Amino acid sequence: MRTLLRLKRVMPEVRWTMWQNRSCSNSSIRSLESNSSIHKHLISKITATGPISVAEYMREALTNPVAGYYVQNDMLGAGGDFITSPEISQIFGELLGVWCVSEWMAAGKSNTFQLVELGPGRGSLASDILRVFSQLKTVLGETDISVHLVEVSPKLSQFQAECLTGDNTQPNDGDQPVYRSGTTHTGLPIYWYRRIEDIPRGFSVFLAHEFFDAIPIHKFQRTEKGWREVMVDIDAESPEKLRFVVSHSPTLASSILIQKDENRQHVEVCPEGGVIVQKLANRIAEDGGAALIVDYGHDGTKTDTFRGFKGHQLHNVLEAPGMADLTADVDFSYLRKMTGNEVTCLGPITQRSFLKNMGIDSRLQVLLRNCHDPSTRAQLIHSYDMLINPEKMGHRFQFFSVLNRGRLAQYRGMQKNTAPLPVAGFAELDMH
Ligand SMILES: C[S@@+](CC[C@H](N)C(=O)[O-])C[C@H]1O[C@@H](n2cnc3c(N)ncnc32)[C@H](O)[C@@H]1O
């Protein structure tokens with residue numbers, strides 16, 4: 001069972017904050033030196049070559065190899081900046097684990113099964129999924145299962161290794177595609193990569209929970225002269241500060257990334273996210289498998305969602321780059337467009353609908369039946385409410401899936417529903 005969480009919503013469009021965390025210990029590294037190094041680096045760069053795109057700013061702030069936010073910090077811990085669903089309750093990961101197994105079954109029970117997670121954070125989601133795989137051993141039989149994690153942060157990969165293997169891993173030399181490998185607590189081979197293209201080909205189920213919102217976006221604004229890109233520049237009145245400016249002339253991005261029929265005044269586009277989802281779609285079409293993308297987002301309707309978080313509060317995105325989380329809502333209509341015609345996309349549907357379809361109510365009842373400690377019972381009910389209450393995470397988070405086209409051949413008419421095939425008796429399993 002997880003430790004008690006007390007959660008607070010700071011404002012309607014923000015990540016979730018936490019005061020106590022779920023499990024693994026946390027030592028957050030917050031280096032003012034590294035912050036000033038990214039800030040200084042950006043100021044020198046802009047002085048030398050002019051304003052940079054918001055995407056370049058976001059990439060430097062989040063994943064600069066020396067001082068980026070994700071590279072240096074454990075942002076999900078007690079001293080962190082936000083809380084995610086897998087950290088709130090084990091039920092979340094368990095239900096996603098059942099979805100993975102049911103997709104593998106529906107796809108014809110391939111002899112090999114790669115579980116791939118993009119941006120696994122502290123490893124909690126994968127850990128809960130692997131527990132489900134152990135419990136469903138009789139269903140999975142002799143299938144050759146392996147685990148593949150795409151993680152840019154060496155710091156977080158250490159947490160993941162600890163959580164999933166008890167640190168039974170070996171770091172690999174320098175620039176090898178697999179930078180860490182080992183064996184999970186449940187005896188499965190596990191590998192860490194920096195890039196999706198380094199994962200071996202084969203039947204794969206891909207999971208991306210709060211991953212796409214961290215991928216850099218470009219921002220555009222409609223002007224009298226046409227679409228122009230919003231850039232980051234040095235503040236002329238205060239040369240130590242950064243500010244947003246609108247480019248005088250079109251940039252390459254503003255020329256190619258705006259749809260002809262766009263009718264919003266401000267638009268955010270995440271081309272890197274588009275390329276990633278294209279890679280997943282190509283693999284699913286050619287090798288079989290499925291992807292589940294879970295995030296806060298919209299269907300091509302929102303305008304200005306780029307925001308920052310630091311110490312549980314909203315934070316000015318242009319202050320202290322590298323010290324604060326930067327994020328933007330995921331445009332699911334754009335992701336859908338980028339998957340092409342060789343796969344089927346379902347959703348997005350709300351977290352509430354997905355978890356209800358997956359049987360969260362029965363699962364909660366089983367856990368409550370087996371639990372007699374009043375505080376743990378209260379915690380179970382509280383985290384269930386956090387996950388599915390429409391006023392909390394229930395409607396804010398969306399589930400979007402990409403499937404091999406053959407997958408739905410026998411299930412025509414389910415286009416709006418990402419519910420899985422039932423895995424009989426799952427809710428009755430004892431999985432504490
Ligand atoms: C917001 S956290 C979400 C963590 C976890 N999925 C969860 O929901 O608790 C984003 C994760 O994606 C990773 N990440 C961010 N940008 C990445 C990139 N370009 N490539 C690989 N991993 C990345 C971060 O290091 C982190 O593990």
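Helices and strands here are DSSP runs numbered from the N terminus, a helix taking at least four residues and a strand at least two. With that in hand, Asp295 can be placed in strand S14, and we'll come back to Asp295 further on. Keep in mind that what you are looking at is a predicted model.

Let's start with the whole chain. There are 15 helices and 20 strands. Of the 432 residues, 47% are buried. If you take the contacts with a separation of 6 or more, 75% of them link residues 24 or more positions apart.

Now for the inside. The largest nonpolar core holds 109 residues, and among those with the most contacts inside it are Leu95, Leu96, Ile129, Ile284, Leu292 and Val402. The biggest contribution to this core, 9 residues, comes from helix H5, residues 90-106. Pick out Leu96 and ignore its neighbours within four places in sequence: Leu96 is then in contact with Leu125, Ile129, Leu207 and Leu292.

Helix H5 also carries a charged residue worth a look, Glu103. Is Glu103 buried or exposed? The cut-off for buried is 20 or more other C-beta atoms within 10 Å. Glu103 has 23 of them, so Glu103 counts as buried. Its C-alpha atom is 7.0 Å from that of Ala290, although the two residues are 187 apart along the chain.

Next, follow helix H10, which covers residues 271-287. Its end C-alpha atoms are 24 Å apart, and because 17 residues at 1.5 Å a residue should span 24 Å, the two values agree. The buried residues of H10 are Gly273, Ile276, Val277, Leu280, Ala281, Arg283, Ile284 and Ala285. An α-helix has 3.6 residues a turn, so residues three or four places apart point the same way. Look for that spacing as you go along the buried positions of H10, such as Gly273, Ile276 and Leu280. What lies over them? The cover for the buried residues of H10 includes S9, strand S14 (289-298), helix H11 (332-339), S19 and strand S20 (397-404). Just after H10 comes Gly288, with a positive phi of about 85°.

Helix H14, residues 374-388, can be read in the same spirit. Its 15 residues reach 21 Å from the first C-alpha to the last, close to the 21 Å expected at 1.5 Å a residue. Its buried residues are Gln379, Leu380, Ser383, Tyr384, Met386, Leu387 and Ile388.

On to the strands around S10, residues 218-223. S10 pairs with strand S13 (residues 266-269) in the antiparallel sense through 4 bridges, and Phe220 stands opposite Val267 in S13. S10 also pairs with strand S11 (residues 226-234), again antiparallel and over 4 bridges. Thr223 has Gly226 in S11 as its bridge partner, and a hairpin of 2 residues joins S10 to S11.

Now for some backbone oddities. Most residues other than glycine have a negative phi, and most peptide bonds are trans. Asp167 goes the other way, with a positive phi of about 65°. Asp167 sits in the loop between helix H8 (154-165) and strand S6 (169-171), and with 10 other C-beta atoms within 10 Å, Asp167 is exposed. Glu210 also has a positive phi, about 50°, and lies in the loop between strand S9 (204-209) and strand S10. Glu210, though, is buried, with 23 other C-beta atoms within 10 Å. As for the peptide bonds, the one joining Gly347 and Pro348 is cis, with omega about 5°; Pro348 is in strand S19, residues 343-350.

Glu210 leads back to Asp295. Leaving aside neighbours within four places in sequence, Asp295 is in contact with Glu210, Phe212, Asp213, Val330, Phe397 and Gln398. Asp295 is buried too, because 23 other C-beta atoms lie within 10 Å. From Asp295 to Thr84 is 10.0 Å, C-alpha to C-alpha, with their positions 211 residues apart in sequence.

Thr84 takes us to the ligand. Which residues come closest to the ligand? They are Tyr70, Thr84, Gly119, Gly121 and Val152, out of 19 that surround it. Helix H2 (54-63) and helix H4 (85-88) are the elements that give two or more residues to this shell. Sorted by class, the shell has 10 nonpolar, 6 polar and 3 charged residues.

Note on methods. Residues numbered from 1 in each chain as written. Predicted model: local features only at pLDDT ≥ 70, side-chain atom pairs only at ≥ 80, totals over all residues. Near = placed C-beta within 6 Å. Nonpolar A, V, L, I, M, F, W, Y, C, P; charged D, E, K, R; others polar. Buried ≥ 20, exposed ≤ 12 C-beta atoms within 10 Å, placed from the backbone. Pairing = 2+ DSSP bridges. Core = buried A, V, L, I, M, F, W, Y, C linked by C-beta atoms within 7 Å. Contact = placed C-beta atoms within 7 Å. Expected span 1.5 Å × (residues − 1).
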